[in-house]
Amino acid sequence: MNAAGLGQPVRRVEDLRLIRGHGRYTDDMATLEGAAYLHVVRSPHAAARIVSIDVTEAREAEGVLAILTPDDLRQEAFQPFPTRVKRVRADGTPNLATDYHPLALGAVRHVGEAVVAVIAETMNQARDAAELVQIEYDATDAIVDTAGAVQPEAPRVWEHHPDNVCFELRAGDRARAEALFARAAHVVTQRFVISRVGTNSLEPRAALGSYDPRTGRYTLHAGLQSPHMIRQELATILGIPVHQLRVVAPDVGGAFGMKGSLHPELVLVLWAAKLTGRAVRHTADRSEGFLSDHQARDNVSDVALALDAEGRFLALRVDTIANLGAFVASNGLHAPTNNIGGLAGVYTTEAFDVRVRGVFTNTVPTCPFRGAGRPEASYCIEMIVNKAARALGLDGAELRRRNMIAPSAMPYATPLVFTYDSGEFEAVMDKCLRAADWAGFEARRRDAATRNRLRGIGIATVIEIAGGPPDRPFEEYAEIRFDASGGMTILAGSHSQGQGHATAYHQMAAELLGMGGDEVTVVFGDTDLVAHGRGTFGSRTMMAVGTSFVRASEKIIAKGRRIAAHLMDAPEEAIGFIDGSFVVSGTNRGMSLREVAKAAFVPRLMPPDMEIGLQAAANVALEKSTFPNACHICEVEIDMETGERDLVAYHVVDDVGTVVNPLMLKGQIHGGVAQGAGQILDELIVYDGQGQVLTGSFMDYGMPRATDLPPIHVLSHPVPTTTNPLGVKGAGEAGTVGALPAVMSAFMDALAPLGIEELDMPASPFKLWQVIENARRAAGADACAVAPV
C-alpha cells in the first residue's frame, strides 16, 4: 500500500500556500496589471422600457477612459449569449429563446441588469462617474412569483412571447401512473416550495480583460469552472476565432455552479480592453452580487405518491414550475430538467408522471447550484415518503426498507431515465441508523419535552447522478509530461475551486507511477497550457480526469518499459513496473521511473527508433454516469416559546465508490451539508411585488454559521463502480443532495405532534414560532403543550 496513494488520508498539498496568503486570485492579477476599473450601471427597475440614456456629463468626469452604452453595443456584431441545453414547449416547438446581451437593449427585465459600463482609472472614479449617467425609464408591471408566472393574466417578461412558459418537459409513463393511482390504497399529496438562494462564494465574481493589438489576441483572467468552454462561447459572442482568446482561471475561491455560467462582465472587460488599450478589471462587491450573480433553486412542485395496502410505492406524480429568471442563462435549463431522474430515489416505484415547466420572471437568471436539480428531486421524493410514513403510522426507515432496490437487482433500470449500476442502499441505511441511534430517539424526544422543546428526527436515503448526462458520453483531458530532470507535470482539463484536485492528482501519481509529491507539479485552468478541457461540474473530476490519467499512465509505463529494457539490456517482456520502478524479473536490477525519464532526454541513451522525451496524453470518453448514494439522519430541537432552533445531531453514511482521500471526502460532505442545511435554516432571496431585491446584503440574507451546525459524523460504505477504472462515483454534491430533505424532515417530525404538516423553507425562528402559535390557538394552548410520548 502506497502511503501517499489512493485511499489514504493525505493532507491537502494546496493548503499551506493558501493559508499563508500566497494564493493568486483574479483580483490579485488585476492589481499587478495596474488595470483600469469597470463599474456597471444597473437597472433600478424589474421591468421597464429604456427611454433615453445621457452620458455626456459622465464622459467628462475625472479619470474616465470610456463609457459603453446599449447604442455602442448595437454597433458591434456581438452574438447573444448561447445556452447549452435545449428544450421544447408543450406543442413540440423549441423553447422560447431570450436575447441575453452584456448590456440591456431597449428594455430591462430585472433589477440589477447591466445597462451602462463606465471605465475609469480608479474604482472610485468609475463609481463617481456612474452617478452622472442619466437614464430615463418607463416602468411596467413585473412578475416575480414562480407559481404565478404561469397564470394567463401574469405580466409577460418577454412581450413578443405568448406567455411566460419557456419550455415544458414530460417524463415517465402518464397512463401507467394514472392507472396505478386509481387502484392505490393510499395517496399522499403536498406542494413543496424550494426557495431561491444565492451562491455567495467566498471570492466574488471577478474578471480581468486585456487585448494585444499586435496579435489581435484577447486574454481573460476570471474565476471560472470551465475555462475552455467559456473560451469557446466568448469567442462566438465576440465573433473571433477561438485561438485569438486565451482564458486563464487562477485560484478560484468557490464556484458551486454559478461560476460555470457566462455573465455580462466577462464580455464587457474584453470589449473595454480593446477600446481603451488598457487592461480592464471588474470585481463585484457583495451588494452587486446579490443583484447580478446568477441565483438558484426556486421551484414549486405538486407531488403525489400512490401506495398499496402494504405501503409499497406504486406511482409518483410530480408537477414542477421552475423559475428561470428573466433570461435563459448558460445552463439555465439544465438544473430543472437534466436530473429529474433523481425523483426515482432508491425505490422500486412502478411508474412516474413528471411535468416540468420553466417560466420567465423579472428576476436574476437562475443557474446550477451545488447539486443542480438533484437536491430538489431528492427533496420531493424524500419529503413525500416521510409524509406517507406519518399517514400510514409507519416508521420512516421501515417504509423505506419495504421499497428499496436490492443489490441483487443491479444494474437496475428505473422507470424514470436512470439506470443504476451498483449500490447497497439498505446496508447504507442500516449503518446510518445504528450510528445515529435511531432506535433510542424517542427517549431523547421525551427528554426534550421536559425542557419545553420539540425534538425531531429526519431521515433521507438519497441517490444522485454524477459525471455527466445519462444520454451522452462525457470526457476530460489529462496529460503527463516529464522534463529532463525527471520531474513530472500533470496537466488537467478540470479546474479546482477549492475541492483539492491537486492533492488527488498527487495521489494518483503516487499510486499509479510511484512519483513523490515534491516531484509532481499540477497545471490547470489555462487554455494556452492545457490542450483541452470540459471543466469542473457534476461531481465528475475523479471519474473523468481519473480515467484519462489512468490511460496516460499506461502509455507512460509502456514507453518507459521499452527505454528501461534498452538501458538494462533485457527483453522488454522481462521488465515489470512495481512501486515506481522498472525491474528485471528474477533479478535485483531496476531503474526508477524518474531515472528512465531523465534518460529519455539523452538521445544516445534512447533506443534508435524512439522519440526523445517522455510524455503522454489521454482524452477518454466515459459512456456511463455513476450514482453516489447516502443516508442522512438529522436531529433538531425547537424552543416552544421562542421558535429558536438547533441542529443537535447529524450523521451521514455515503457510498461514493472508491474513496480517493477520506479526509477530503469528509470535507466535501461537511461543506455540502452546510449548504443544504443553510438553505433550510435561513437562506432565501426575497423580491417584493415590484421585483426589488429585499435581501441585498448579509444583513438580510442569512448565511449558515459555525454555531448553526452540530458535529457532522461521516461514515462510508463504498461500493466501487465498474464504469471507470478507479471505481469512483463522485462526491462533491452529495452532502447537499441529502441535507435538504434530512434537515426539513427533522423539523416536520418535531412539529408533527402539534398537527403541523406543512412548512416552507427556510425554517426561521420567527416562522417556527408562528406555526407553533397558530397550532396552539387552533387546538387550545393546553392541548399543544409538549408532553412525554
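# Tour: cysteines, one aspartate, two helix pairs

Start at Cys367: its sulfur is 15 Å from the closest cysteine sulfur, in Cys166, which is too far for a bond. A disulfide here is a pair of cysteine sulfur atoms within 2.5 Å. This is a predicted model, where local features need pLDDT of at least 70 and side-chain atom pairs count only at pLDDT 80 or more, while totals for chains, interfaces and linings use all residues. Residues are numbered from 1 along each chain as its sequence is written, and side-chain values use heavy atoms, with hydrogens and water left out.

**Cysteines**

Stay on Cys367. Its relative accessibility is 4%, so Cys367 counts as buried (buried is under 20% relative accessible area, exposed over 50%, partly exposed in between, with a 1.4 Å probe and protein chains only). Next, select Cys631 and Cys432. Their sulfurs are 3.9 Å apart, Cys432 holding the nearest cysteine sulfur, and Cys631 is in no disulfide. Cys631 is buried too, with a relative accessible area of 0%. The disulfide count by this rule is zero.

**Asp749**

Move to Asp749, in helix H18 (residues 734–751). Helices are DSSP runs of H or I with at least four residues, numbered from the N terminus. Is Asp749 buried or exposed? Its relative accessibility is 16%, so Asp749 counts as buried. Now show Gly456. The two residues are 293 residues apart along the chain, yet their C-alpha atoms are separated by 4.7 Å. Leaving out residues up to four places away in sequence, Asp749 touches Phe441, Arg445, Arg455, Gly456 and Ile457 (contact means heavy atoms within 4.5 Å).

**H10 and H11**

Select residues 374–392 for H10 and 396–403 for H11; their axes come within 9 Å and cross at roughly 110°. That makes H10 roughly perpendicular to H11 (65 to 115 degrees; under 35 is roughly parallel, over 145 roughly antiparallel, the rest oblique). Axes are lines fitted to C-alpha atoms, for helices over the stretch in contact, with angles from 0 to 180 degrees between N-to-C directions. Show Glu382, Val385, Asn386, Ala388 and Ala389 in H10: they meet Gly396, Leu399 and Arg400 in H11. This contact has four nonpolar, two polar and two charged residues.

**H7 and H8**

Finish with H7 (residues 227–238) and H8 (residues 264–276). Their axes come within 11 Å and cross at roughly 60°. H7 and H8 are therefore oblique to each other. Which residues in H7 meet H8? Ile230, Leu234, Ile237 and Leu238 do, against Leu266, Val267 and Leu270. The residues of this contact divide into seven nonpolar, no polar and no charged (Ala, Val, Leu, Ile, Met, Phe, Trp, Tyr, Cys and Pro count as nonpolar, Asp, Glu, Lys and Arg as charged, and the others, Gly among them, as polar).

Methods. Helix = DSSP H or I, 4+ residues; strand = E, 2+ residues; numbered from the N terminus.
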